[in-house]
Structures are given as structure tokens and as C-alpha cells.
Amino acid sequence: MKLNVGENIRRLRRAADMTQEQLADKLGVAYQSVSRWENQTTYPDIEFLPALAGIFGVTVDELLGCEESRKKEVLDKLTEKLGALLDSDSQDVESILSVAREIRRECVMAPVLRNEYLADMVIGIGCNWCEAFENSAALLAELRLASEEILSSNAPRGMKDNMIRYMAYAEDEAHITAYLNQNATKWDLNKNALLYERYLHRNCRDKYDFLRQKLLFTALDERVFDRRMWRIGDGHADIYECLHRNNMLLTFLHNLCYMTPDSLHPVTGDGSVDMFANKRLDLGIRLACFLSGTGDCEGAFVVLEDTVSLLEKLMVLENGMKIGCTSPWLRDLRLKVKFIDNEGSQAVFLNDDTDDGDCYGYIDRKWVLYPFTADHGWEWFDPIRSDPRFAAYVERVNAAFALENATE
């Protein structure tokens, strides 16, 4: 039988949140000795085995891997039995529960193996979660205990992420919100992504279809229309490249919304206000700037008319009004208009119309006026700055930010 004492020392030391130096100090040896043990270039002298076992709270057999080998054999058989039950069409919930309990009991006495087998159990049952399991509070309780043990341990991040994902499949409706509030992360394991996987797995068509739309819109908001990607910067950017990118985004937006813009509405497509209003304002101001810089001054004023008119229409909407768009990919999604008083000037939020209320757009006077008035970074507006029409558009922007709709 192969001795895994070095590997076991490393696992147990890490589980105890102890450095090699700290373990060496407890044993009165140099830390290089501990390093050699863990790399299995040497074995610890027999006199150190009881001390090591005592420090980690295991038996000498467990430290040497003898007990671990026996436990692994038992847990392998139980895991195989669980897999066979889950693959069966009988959906024998009581038998599955019984095996799950056995696995968890055996893992209590196998600290080195515990996380691996508990994770396999939760993932196996979570992947096969079905309607028959939903009525078993006892089975869900077993999964909760196993998941909580892993999440509170020093298990690898990937293993913990799997626990969060598969418990999101299994958790009941009464507790899923609290579970996600506690365990969801900001990025891949965010609440919406976990809920989407949950409802897709459970075949809840209406719920996952709405979340699919929300996730798509979030991706568009964070990736496709990331304003940081389209800055003019220090003025040394290639204006034609900027114009090309801006037009590419506008074309994408029009195609997404099934729009064919006419000559008077190159930005809005048809002159109406939709939930991409803040994106259209940004792209419109930039387009006018790039056209001005390339010598198409009249084209710049056409764009400004469409863009400023969009702002004026947006700012007179009723507070709390919900706006959507004509894209079939986002047919059920709505953003709610919320006006506020920001330092004496009206501003508007475009909020997700759900309980979590994510903000997908914030528009205030400073943000809109900055490109028109900035001394640096928007020099491509210079060819039209002296035109009276340019000053008139600045005045219209100022006028659009009235205070009638402000709520706070």
C-alpha cells in the first residue's frame, strides 16, 4: 500500500490554515523538514507521527493514509450506489436520502476526503434535481448541510463555486432569495445568472426566458456599449476609426431593434424614446462630433437635432413610466424612468423594473453638456462651435433639464 503521508500532511496543514514554518515550530524542526515531508522526498521519523496526528486531530492511521484508503473504498462504493439510484427511472427518493446520509456520516471521519465526496454528492443530486425531490425536505436538508460544510471550509474556489451553482438548482422557492443574497457573486455567479440556470434546469419557461432577456441586456450594457471603449482620449485618436466604430454600434443597435433609420433619425431610428435612450444619446453626441471633425457639418447638425430631440422627449416622460424597445430579443424587458433632483438639475435613472432594481442608465445635465463645453478631448466639435445652431442646441439641452419631474 502506498503511503500518502506527505500529501496528507500538506492537506491537513492547509485545512488548519497553518504555514510550514508554524508547523515546524510546533514540532521543533526546521521548516525545510516539513517541506521535504510534503514533497515526499523524505518521511517524518516515527517519533513525530503521534505529534503530527495530535496537531491535526486525526489518528496516526489517518495521517499515514491507512484509514483514508479504507474510507475511500467505502465512499467510492456509496458514490457509485448514489449514481446508480440517480440514473434509475424509479426516482427512489428515500433510498437516495439514505445513501446521502451515509456519505455525509462517513465523511465526518475522513477529513482529507470530506470535501471531495460531499461535493460529488451535492453535484450529483443537484444535476438530477427533479419534481420528485422537491417534496423531500429531508433530502434538501442533507444537501444544505453538505454545502455549508464545504463553503465554510478551505476548499478550492472552484469547488465552492460548484456548490453555489448546484444548490441554486435544489434550494426551494421559499429560501432561494436568501440563499442567493448570501452566496451569489458579482460576475459569473451573479443572482440573475444563477436563477437563469435554475429555471432552465427546472424547465420554468416563462421565468428563464425573462431572465435570458435580462442577461442579454446586461451583457449589451456592460460589454457592447461600454463608453470607456469609445473615448477620443487625448485627441490623437484616428477620427475615421472612431466614426467607423460609432456607426458600427449604431447599426448594431438598429438591427437589434429591427429599425431602418430614415435621413432625419440616424440615431433614434424613428424619433421615439426606448430603453436604449442613454446609449443613443451617447452615440449621437459622438457621431455629431466625428462628423464635424471630418467636415460633414450639416450631417452633424442633423444628428444633433435627432439626439437633442430624443433628450427632450425623454425628460418630459412621466416619472415611473416603463419603456421597452422593438427588439424581439428583449420583448418582455422594461426599464422604469425615475427622475431626481441632482444639485439643482433634473437627472434621470433608467432602472430595471424588478425587485433588485439594477440601474442601466443615468443621464444628467453635466454628462450631456460636457462634450459640448469641454476644453479638451472634444476638439472635433470646433468646426461648428461658432455656428449659432450649435449654441442653440446647448441651450435646448439646458432647458430639457427642468425640475418638474424630480422626486427627491
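User: Before we start, what does "buried" mean here?

Analyst: Buried means under 20% relative accessible area. Keep in mind that this is a predicted model.

User: OK, so which residues of H11 are buried?

Analyst: The buried ones in H11 are Lys160, Met163, Ile164, Tyr166, Met167, Ala168, Tyr169 and Ala170.

User: And what do those buried residues pack against?

Analyst: They pack against four helices: H8, H10 (137-151), H12 (176-183) and H13 (191-201).

User: How far apart are the end C-alpha atoms of H11, and why would you expect that?

Analyst: They're 20 Å apart. Helix H11 covers residues 157-170, so that's 14 residues, and at 1.5 Å a residue it should span 20 Å, which agrees.

User: Hang on, how do you get that from 14 residues?

Analyst: The expected span is 1.5 Å times one less than the number of residues.

User: Cool. Switching topic: what's the order of the strands in the sheet?

Analyst: It's an open sheet of 4 strands, in the order S1-S2-S3-S4, with antiparallel pairing. S1 (322-323) and S4 (359-363) are the edge strands, each pairing on one side only.

User: How many bridges join S1 to S2?

Analyst: There are 2, and the two strands run antiparallel. S2 is residues 335-342, and its Leu335 stands opposite Ile323.

User: And how many join S2 to S3?

Analyst: That pair has 8 bridges, again antiparallel. As an example, Lys338 stands opposite Phe349 in S3.

User: What about the turn in that hairpin, which residue there has a positive phi?

Analyst: That's Glu343, with a positive phi near 55°. The hairpin of S2 and S3 has 2 residues between the strands.

User: Then how many bridges do S3 and S4 have?

Analyst: S3 (residues 345-352) and S4 pair over 4 bridges, in the antiparallel sense. In one of the matches, Asn351 has Cys359 in S4 as its bridge partner.

User: Which way do side chains point in a strand?

Analyst: In a regular strand they alternate between the two faces of the sheet.

User: New topic, pockets. What's the volume of the second largest one?

Analyst: About 560 Å³. Its lining has 19 residues, and Arg11, Ala15, Pro111, Val112 and Asn115 lie nearest the centre.

User: Which helix gives the most to that lining?

Analyst: H1 does, with 4 residues. Both H1 (5-15) and H8 (114-127) supply at least two residues each. H8 also came up earlier, as one of the helices that the buried residues of H11 pack against.

User: How many of the lining residues are nonpolar, polar or charged?

Analyst: The lining of this second largest pocket has 10 nonpolar, 4 polar and 5 charged residues.

Methods. Residues numbered from 1 in each chain as written. Predicted model: local features only at pLDDT ≥ 70, side-chain atom pairs only at ≥ 80, totals over all residues. Heavy atoms only, no water. 1 Å grid on protein atoms, 1.4 Å probe; cavity = no way out; pocket = protein on both sides within 12 Å on 5 of 7 lines; lining within 4 Å. Points joined across faces, edges and corners; volume = space filled by probe spheres on them. Nonpolar A, V, L, I, M, F, W, Y, C, P; charged D, E, K, R; others polar. Buried < 20%, exposed > 50% of the residue type's maximum accessible area, 1.4 Å probe, protein only. Contact = heavy atoms within 4.5 Å. Pairing = 2+ DSSP bridges.
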